[in-house]
Amino acid sequence: MPWAPGWYVACRSDELRAAPLGRVVAGVPVVLLRDEAGVHALEDRCPHRGMPLSAGRMTGGELECAYHGWRFGGSGACRAIPGLVGDAQRLERAATPHSACESDGFAWVHVGDEASPRAQPFALPVVEGAQGRVDLEAVVEAEIEDALENILDVPHTGFLHRGLFRSGAGRNEVDVEVRRDATSCEAEFHGEPRPEGLLGRLLAPRGGVVRHVDRFVLPCVAQVEYALGEDTRLVVTHLLTPIERGRTMMRHAISFRTRVPAALMRPAIHVLGRWLLAQDVRALARVTRNDALFGGVQRHVSTKIDILGPHLRALIRSAAAGMPPPPSATWRVRLMT
Amino acid sequence: MPWAPGWYVACRSDELRAAPLGRVVAGVPVVLLRDEAGVHALEDRCPHRGMPLSAGRMTGGELECAYHGWRFGGSGACRAIPGLVGDAQRLERAATPHSACESDGFAWVHVGDEASPRAQPFALPVVEGAQGRVDLEAVVEAEIEDALENILDVPHTGFLHRGLFRSGAGRNEVDVEVRRDATSCEAEFHGEPRPEGLLGRLLAPRGGVVRHVDRFVLPCVAQVEYALGEDTRLVVTHLLTPIERGRTMMRHAISFRTRVPAALMRPAIHVLGRWLLAQDVRALARVTRNDALFGGVQRHVSTKIDILGPHLRALIRSAAAGMPPPPSATWRVRLMT
Amino acid sequence: MPWAPGWYVACRSDELRAAPLGRVVAGVPVVLLRDEAGVHALEDRCPHRGMPLSAGRMTGGELECAYHGWRFGGSGACRAIPGLVGDAQRLERAATPHSACESDGFAWVHVGDEASPRAQPFALPVVEGAQGRVDLEAVVEAEIEDALENILDVPHTGFLHRGLFRSGAGRNEVDVEVRRDATSCEAEFHGEPRPEGLLGRLLAPRGGVVRHVDRFVLPCVAQVEYALGEDTRLVVTHLLTPIERGRTMMRHAISFRTRVPAALMRPAIHVLGRWLLAQDVRALARVTRNDALFGGVQRHVSTKIDILGPHLRALIRSAAAGMPPPPSATWRVRLMT
């Protein structure tokens with residue numbers, strides 16, 4: 001598996017209602033279902049003839065296959081085989097279960113070594129005094145690590161998002177402190193003036209100095225925090241789910257606190273967020289197609305201002321291979337923004 | 001080849017008129033043509049530059065290639081090469097022939113060991129006093145053995161065709177006698193009350209007990225016979241043709257004799273037949289897509305009420321591999337319908 | 001590489017303006033750009049994160065990547081990395097260059113051994129007293145050698161282009177002199193009466209005897225010359241560019257001198273040329289699809305009237321493999337037209 005083991009978002013809680021729901025998470029088709037005990041996930045395949053269980057229906061708290069009516073409980077146990085004289089329940093007739101749970105408005109599925117699903121999914125941060133949360137989502141034709149690097153990459157904002165976010169003029173020299181441990185890496189930017197683009201002007205019309213942290217947490221989280229004085233905070237948590245090779249679902253939870261009324265901020269974040277997102281989705285898809293044209297091999301040349309990308313790639317690669325992570329470290333980088 | 005050798009339907013007789021007709025049968029593109037001697041089949045490829053011969057035309061009882069005008073007889077012999085000074089006919093210039101014949105309104109092609117095409121194609125049964133025959137056809141995205149099992153499988157009718165065919169309630173215990181020999185297997189159902197669905201009510205409004213036989217005959221025939229008293233008979237012969245992996249052409253010849261006037265039965269069978277067929281086509285396509293998602297390997301868990309499926313699969317598999325068939329046998333199964 | 005090394009047309013000169021232009025030539029994505037020094041070609045991939053450079057823009061005579069703003073000169077050297085403190089230029093940050101040049105209204109790229117791009121691209125012939133030149137182009141789903149053989153093949157004209165070009169009747173016996181050397185092969189037709197089709201009648205309403213030469217020149221040129229008396233000449237130079245396996249760009253430069261006014265000839269050549277071209281494109285696509293259906297292997301049976309095809313295939317195959325060409329030779333063939 002090219003992906004790090006751990007918890008990934010399978011769907012939004014509000015997508016999973018009475019009917020079973022089929023999703024592909026890290027190459028594995030799963031059916032999500034909800035019964036009185038909560039959320040469950042099974043391999044999306046009836047062990048009988050291979051029908052997707054997500055084509056079936058919930059009846060009496062059990063999932064009934066649409067083809068021959070075999071019934072399964074949330075744990076995958078086979079509860080009934082219509083037409084069969086005698087007991088249905090046998091081990092080989094069970095649907096394969098996956099660990100699943102629900103938190104922060106999402107249903108999560110654990111991918112990888114099912115024997116010991118580590119702890120809990122990533123918890124969304126609580127922003128004190130937040131005015132609200134805006135959620136966006138998009139499917140991108142890209143590998144998860146390319147999408148994660150893109151989210152946490154400062155230099156591209158001046159070009160791909162020219163005018164919208166940063167100017168690309170590169171007039172300010174900024175000090176960056178970088179930390180990497182066994183499961184995460186982060187970059188803290190010191191002394192960056194408020195970005196000149198549309199979004200910066202909106203959040204902080206009178207300028208100022210931004211405190212800014214970019215963070216990656218295994219297996220799938222990218223987090224960006226902006227703070228300006230005491231009033232203004234913007235925390236964007238990006239929860240990414242690889243669907244299959246070259247295809248990733250991105251979910252973005254944006255919490256904000258500003259001086260601007262929420263009734264204005266909310267639509268502004270919606271519009272600008274979608275705009276930024278569309279630019280990234282288009283660029284990442286171009287990179288993915290190009291990697292395929294060049295034989296499917298990524299040959300990257302990085303410089304020291306590719307601050308987090310190479311490290312989050314190394315963390316994912318070692319976790320996916322079951323190897324020990326690279327050693328923890330801290331260092332400093334200078335960057336013009 | 002994943003398919004059993006033998007005769008397969010290539011097209012309906014009424015599709016093959018003056019023009020040559022290209023069809024893919026068991027992965028082999030063939031061109032069908034009709035001359036004074038009858039129906040012929042050639043590999044659909046001009047030996048000269050690989051043009052499909054089905055793009056050509058019949059002229060003077062010969063098939064003329066659309067690209068350079070090479071001409072072939074029904075046996076594949078090259079009869080003319082325009083522009084060439086001298087005789088055209090040479091062995092290496094011949095188009096490869098396939099055994100072909102015509103019966104019961106279909107043109108058949110023999111697939112597999114051409115040296116000894118066994119006997120004749122399957123002959124459609126004659127239903128005494130039949131009121132008529134309805135023909136249906138559909139392409140299904142499925143392997144031929146999945147489609148054959150689906151046709152001969154009783155338990156799915158209560159779920160996939162709920163209400164239309166059987167109810168799925170499973171109130172009646174039915175005795176089934178199963179027989180398997182070297183080239184076929186069949187199941188005879190004893191004491192089944194007339195099914196409760198729409199189709200059963202139509203055929204036998206006053207109920208009764210059904211005599212019912214399901215039968216598979218190598219390489220491609222599934223047959224279903226229903227009888228109710230002396231008046232009512234329904235014999236459906238399904239002739240399946242694998243096109244390529246995961247794609248099968250199904251042709252259904254439905255002969256019937258009922259108390260209901262033919263003028264009513266015919267449209268009713270048409271409408272209900274198409275309805276049933278559409279449900280099966282959709283379900284089989286889902287299974288095929290799901291098998292592909294799960295790595296292209298079918299892992300089935302069968303129970304004893306999967307009466308014919310595992311046996312027809314074994315018959316096809318051993319015939320395709322040129323192995324001896326599984327030994328003949330008879331046994332009994334109990335099934336709730 | 002299945003293609004012979006050498007110069008191939010990448011685009012028309014008038015397609016390459018201020019913006020960089022992405023094209024795939026012989027499986028290699030290249031970006032073409034024009035600066036004060038002329039035309040340049042680079043691998044269409046930013047060495048940083050794999051973005052196609054053709055998505056970028058020209059600024060200050062340099063190509064700026066759309067993703068992070070890296071800048072490259074026409075030689076591929078990296079000139080700037082926005083955000084980076086210090087010098088950008090390092091060898092591993094350069095984009096890979098390809099030899100490129102401009103002539104006869106086309107931008108050419110050299111494919112294969114970059115160490116020694118041989119000499120110059122093929123020069124279009126000058127037709128003395130030409131009334132004009134008509135350019136046509138089309139993408140064909142075919143291998144380059146199939147398209148080249150088709151262009152230089154006389155016998156197909158009577159069938160695929162029946163009526164339009166030759167009649168297919170085969171009444172005239174024509175003597176053909178064939179020559180092959182290390183980089184080209186050609187066929188000279190003696191004593192062919194003016195073809196009976198629409199095009200022949202248009203060019204030479206009063207008939208006569210045609211001088212006619214068909215020629216292939218490595219790696220990608222097919223040339224057809226017709227002369228009728230002193231007045232009428234038609235020289236068609238076909239410049240073919242393999243895009244990828246099974247897909248070829250064809251460019252046709254048609255120079256003509258006739259008794260008919262240019263104002264009539266030009267639209268007539270346009271219309272008839274497109275018509276002929278569409279027939280060839282359709283036929284070649286059918287052959288390509290059929291080759292794929294038959295396992296991707298071309299098994300051709302040739303006769304002596306397949307005059308140039310087998311020889312141009314041998315020239316391409318040996319050049320692509322870096323083997324010595326077949327020995328030079330001359331011979332004669334008789335052909336009925």
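In this predicted model, the residue of chain B that comes closest to the rotation axis is B:Ala292, whose C-alpha lies at 13 Å. That axis belongs to the superposition of chain B on chain C, which is reached by a turn of 120° and a shift of 0.1 Å along the axis, with an RMSD of 0.0 Å. The two copies are therefore related as by a three-fold rotation axis. Chain A can likewise be superposed on chain B by a rotation of 120° with 0.1 Å of shift along its axis, again with an RMSD of 0.0 Å. The C-alpha of chain A nearest the axis is that of A:Ala292, 13 Å from it.

**Helix packing in chain B**

Within chain B, helix α1 (residues 144-151) and helix α4 (residues 309-321) have axes that come within 9 Å and cross at roughly 145°. The crossing of α1(B) past α4(B) is right-handed. On the side of α1(B), the contact is made by B:Glu145, B:Asp146, B:Leu148 and B:Glu149, which meet B:Gly309, B:Pro310, B:Leu312, B:Arg313 and B:Ile316 of α4(B). By character, the residues of this contact comprise 4 nonpolar, 1 polar and 4 charged.

**Salt bridges**

Over all chains, the count of salt bridges comes to 93. Three of the pairs are listed here with the separation of their N and O atoms.

| Acidic residue | Basic residue | N to O separation |
|---|---|---|
| A:Glu149 | C:Arg49 | 2.8 Å |
| B:Glu186 | B:Arg179 | 2.7 Å |
| C:Asp231 | C:Arg259 | 2.5 Å |

The side chains of A:Glu149 and C:Arg49 meet in a salt bridge. This pair crosses between chains: A:Glu149 belongs to helix α1 (residues 144-151) of chain A, while C:Arg49 is in the loop between β4 (38-43) and β5 (57-59) of chain C. Both A:Glu149 and C:Arg49 are buried.

The partners B:Glu186 and B:Arg179 are both in chain B. B:Glu186 has 17% relative accessibility and therefore counts as buried. B:Arg179, at 24% relative accessibility, counts as partly exposed.

In chain C, C:Asp231 forms a salt bridge with C:Arg259. The pair links distant parts of the chain, 28 residues apart: C:Asp231 is in the loop between β16 (221-228) and β17 (232-244), and C:Arg259 is in the loop between β18 (247-257) and α3 (262-293). C:Asp231 counts as partly exposed because its relative accessibility is 32%, whereas C:Arg259, at 58%, counts as exposed. In chain A, salt bridges that share partners join A:Glu177, A:Arg179, A:Glu186, A:Glu188, A:Arg215, A:Glu225, A:Arg233 and A:Arg332 into one network.

**The surroundings of B:Leu335**

B:Leu335 is placed in strand β19 (residues 329-336) of chain B. Its relative accessibility is 1%, so B:Leu335 counts as buried. Leaving aside residues up to four places away in sequence, B:Leu335 touches residues of chain A, namely A:Gly83 and A:Val85. Within chain B, B:Leu335 touches B:Val154, B:Pro155, B:Asn172, B:Glu173, B:Val174, B:Val176, B:Phe189, B:Ile305 and B:Ile307. B:Arg215 stands 120 residues from B:Leu335 along the chain, and their C-alpha atoms are separated by 17 Å.

Note on methods. Residues are numbered from 1 along each chain as its sequence is written. Chains are lettered from A and ligands numbered from 1 in the order in which they are written. This is a predicted model: local features need pLDDT of at least 70, side-chain atom pairs count only at pLDDT 80 or more; totals for chains, interfaces and linings use all residues. Side-chain values use heavy atoms; hydrogens and water are left out. Copies are superposed by least squares on the C-alpha atoms of residues with pLDDT of at least 70 in both. Axes are lines fitted to C-alpha atoms, for helices over the stretch in contact, and angles run from 0 to 180 degrees between N-to-C directions. Helices (H or I, at least four residues) and strands (E, at least two) are DSSP runs, numbered from the N terminus. A crossing is left-handed if the near helix is turned anticlockwise from the far one by less than a right angle, and right-handed if clockwise. Contact means heavy atoms within 4.5 Å. Ala, Val, Leu, Ile, Met, Phe, Trp, Tyr, Cys and Pro count as nonpolar, Asp, Glu, Lys and Arg as charged, and the others, Gly among them, as polar. A salt bridge is a side-chain nitrogen of Lys or Arg within 4 Å of a carboxyl oxygen of Asp or Glu. Buried means under 20% relative accessible area, exposed over 50%, partly exposed in between (1.4 Å probe, protein chains only).
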